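Good morning, colleagues. Please bring up the chain for today's discussion, and I shall go through its features in turn.

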Amino acid sequence: MVASPLDQKLADILGGRTAAAFAKGLGLETVGDLLSHYPRRYARRGELTALTHLPVDENVTIVAEVLRVMNRPMRAKRGSILEVTIGDGKGILTLTFFNQAWRANELKAGARGIFTGKVGDYRGSLQLAHPDYELFEADDETGADPERAKAWAELPIPIYGATSTVASWQIQKAIGVVLDTLDPIDDPVPVELRTTLKLMDFSRALQLVHRPTVDAEWGAARKSLRFQEAFVLQAALLQQRQRLRETAATERVAGAILDGFDATLPFTLTSDQALVGLQVADDLAAPVPMNRLVQGEVGSGKTLVALRAMLAVAESGGQSALLAPTEVLAHQHLRSIVKTLGPDLAARLRPTLLTGQLPVAERRKALLAAVSGSAHIVIGTHALLGDRVEFFDLGLVVVDEQHRFGVEQREALRLKGRQPPHVLVLTATPIPRTVAMTVFGDLDISTIAELPAGRSPIESFVVPLAEHPGWVARVWARVAEELAKGHQAFVVCPAIDATPVDATRVDDSDLPAPDAVATGAPAPRPTANVTEVLASLRANPVLAGRRIEGLHGRMPGDEKDEIMRSFAEGRIDVLVATTVIEVGVDVPNASTMVVLDSDRFGVSQLHQLRGRVGRGGVQGLALFVTGAEEESLARERVEAVASTLDGFELANKDLELRQEGDVLGRMQSGGRSSLRLVRVAKDGALIADARERAAAILAADPTLSAHPALREALDRRLDETAESFLAKN
């Protein structure tokens, strides 16, 4: 691939010191990185930014006018303080410089400019200490030419996302230097398509998004760049899907094993289960690898669909590997599959568990069963990915809760097949259509929305401790009432113990996952944790005599499995746990789910946790206990979950609340989101249009021989990092 001007290192243009600051502060290393760091907004010299609502302790960029300048000596030690008061007609702010009296020569009353720095509060007044700034040239404003003065006043000023070490005006200057030396760039959007959609070419769009002379220019530039972004992403996803379908897979046709299994089922499949089952069966019978995502509500029967696919593979002697995110879930999948198959079929197919915490002797037996082919179903955690794990004839990979795994892990399992195995991905997190197109564009998507008969609706309530701190006592009284009916209860905490934890760190199954560290999270406060809540509930008189145990990801695997088994068999009344029980845990007698500090979880997590109850014909009850203030974004998330049982409605609400930075940020491999201008929350029509047009081009020109610029853009995008982004959920 011919090197593009976008691949040039910033150090070659800006110098090593500046490039290092951009790389460290903003993660920008190439010309392409810098030019895709688009302005967050545009200000005007005559349109001053409001100073009335500046956030304390945050870096800001403002446009303002110097009102007063005063230099005074320090009281406690030698030196001087230069205090510059700036305003925008609505509010004022003080700039403070220590021992820099010379700045008074340029910061004169009436001067206007851009000022950037961290907002501080000194004795009740807001200030910026040692801010960076750049003043507008006064000559331009007071020039004799009225038209020139008008143009100067109306010229949009790009304001960039900046840091404490790299100011917005420094970014603007660097982009100016790059644009002045930039060679023409080939546009990946074909010229005929740009003409049809009335879009400008790539080079001109970059110039005008960073250097507009009127608002209409940057608006048109952003429109062109937004479409290009969606178009290249969709073309990349479609090409990845196309390449997968060019490889051969073993056809797996269902037969007597599946027919016999279906005949013994004590219930009828829902219409959604039957439809998705047919889609999966058609995929398995094809000579190309299946790559299908099945999404469905908690308890909708996704695992049964996957098991029926495993039986179709077993018909031809093939094996299936089920990759589960936790030890607890792997153990439960084994028990559930053995029970569902029945003794005869289970003995024939030999479902086998393979996890990292198996005793050596059992692990050796499991490895032998996999490599010999005697185990037609192998269930495990990350241990399945190990070098020593081999299969005789791996025909199907089932990935449960794909968002817990990266592309490298999924691919490691795929490569264990002599031919590419079929892949079935399951998720109980409903996915908005725009996110599905943007992130799972290389997968066929099936949806199970219908719940099996007999599932009871779940009543959900918010327990707002900010207004009613005494209501927590009623929570435990309500739990006691459910226990008195012979039911069981979950109590979920966001932490294991009182030890401070980095909330963005994912450790085993004890999340919150990244979406729990959501926008609008409240100020830090003591976090409910398993250790303290367990002790408190055991000492609570209303729960006297009840069997209460704890469960979390730091416990040994056999201990976790024993506790879950005891809870499932009714020998434990209340299970105090982390989100280790979030996915797949099935205890039909559990009627009550109490989530403490529920505002510290994401919308999808709360919805999944709630789905653990009401599974056996027992009326479900979910109590979301929160200390978040009324009308806060954190509280709004909790109230959204309590207001509906519709997971797809919640998924869209979650997208609105968190924006795609969080939604997609969980799927990227690096620190910066792959999307710059496209907003999945509102650009659904654009994404769909871009996908349709990209599909038409790839259908007519699969190798893109007639579209070299698009081919180069895809090659650039589909490097190792980008492939990780595309394949992660």
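Let me begin with a question: in strand 6, which residue is the bridge partner of Tyr-122? The partner is Ser-125. I should state at once that we are looking at a predicted model, and what follows is to be taken in that light.

Tyr-122 brings us to strand 5, residues 112-122, which pairs with strand 6 in the antiparallel sense over four bridges. The two strands form a hairpin with two residues between them. In that turn, Arg-123 has a positive phi of about 55 degrees. Strand 6, residues 125-129, also pairs with strand 4, residues 92-98, this time in the parallel sense and over three bridges. In that second pairing, Leu-128 of strand 6 stands opposite Leu-95.

Let me now step back to the chain as a whole. Its secondary structure comes to 25 helices and 21 strands. Of the 729 residues, 54% are buried. Among contacts with a separation of 6 or more, 75% are between residues 24 or more positions apart.

As to confidence, the mean pLDDT of the chain is 83, and 85% of the residues reach 70 or more. Two stretches call for caution. Over residues 501-523 the pLDDT stays under 50, and the model has 50 contacts for them beyond four places in sequence. Over residues 720-729 the pLDDT is likewise below 50, with 42 contacts in the model beyond near neighbours in sequence.

I turn next to a sheet formed later in the sequence. What is the order of the strands in this open sheet of six? The order is 16-21-20-17-19-18, and the pairing is parallel. Strand 16, residues 458-464, and strand 18, residues 548-551, are the edge strands, each pairing on one side only. On average, neighbouring strands of the sheet are turned by 20 degrees against each other, direction ignored.

Within the sheet, strand 20, residues 590-595, runs parallel to strand 21, residues 620-626, and four bridges join them. One bridge partner of note is Leu-623 in strand 21, which is matched with Val-594.

Two helices deserve mention here. Helix 17, residues 471-484, lies across strand 16, strand 17, strand 19, strand 20 and strand 21, and runs at about 165 degrees to strand 20. Helix 18, residues 530-538, also packs on the sheet, where it touches strand 17, strand 18 and strand 19. The direction of helix 18 makes about 175 degrees with that of strand 18.

Let us move to the aromatic residues. A pair of aromatic rings is described by the distance of the centres and the angle of the planes. The count for this model comes to five aromatic pairs. One of them joins Tyr-42 and Trp-218, which are stacked at 4.3 Å centre to centre, with 15 degrees between the planes. This pair links distant parts of the chain: Tyr-42 belongs to strand 1, residues 41-43, and Trp-218 to helix 9, residues 215-245, 176 residues apart. Are these two rings in buried or exposed residues? Tyr-42 is buried, because its relative accessible area of 11% falls under 20%. Trp-218, at 24%, is partly exposed.

Helix 9 holds a further stacked pair, formed by Phe-227 and Phe-231. Their centres lie 5.8 Å apart, and there are 20 degrees between the planes. The two residues are four apart in sequence, about one turn of the helix, and both are buried.

Elsewhere, Phe-97, Phe-115 and Tyr-133 form one aromatic cluster. There is also a charge over a ring: the charged end of Arg-418 sits over the ring of Phe-392, 5.5 Å from its centre.

I close with two loop residues that have a positive phi without being glycine. Lys-198 has a phi of about 60 degrees and is found in the loop between helix 7, residues 191-197, and helix 8, residues 202-210. With a relative accessible area of 73%, Lys-198 is exposed. For Glu-631, phi is near 75 degrees. Where is Glu-631 found? Glu-631 lies in the loop between strand 21 and helix 21, residues 633-643, and counts as exposed at 76% relative accessibility.

Thank you for your attention.

Conventions. Residues numbered from 1 in each chain as written. Predicted model: local features only at pLDDT ≥ 70, side-chain atom pairs only at ≥ 80, totals over all residues. Heavy atoms only, no water. pLDDT = per-residue confidence, 0-100. Contact = heavy atoms within 4.5 Å. Pairing = 2+ DSSP bridges. Axes fitted to C-alpha atoms, helices over the stretch in contact; angles between N-to-C directions. Phe/Tyr/Trp six-rings, centres within 6.5 Å; stacked < 30°, edge-to-face > 60°. Buried < 20%, exposed > 50% of the residue type's maximum accessible area, 1.4 Å probe, protein only. Lys NZ or Arg CZ within 6 Å of the ring centre and 35° of its normal.
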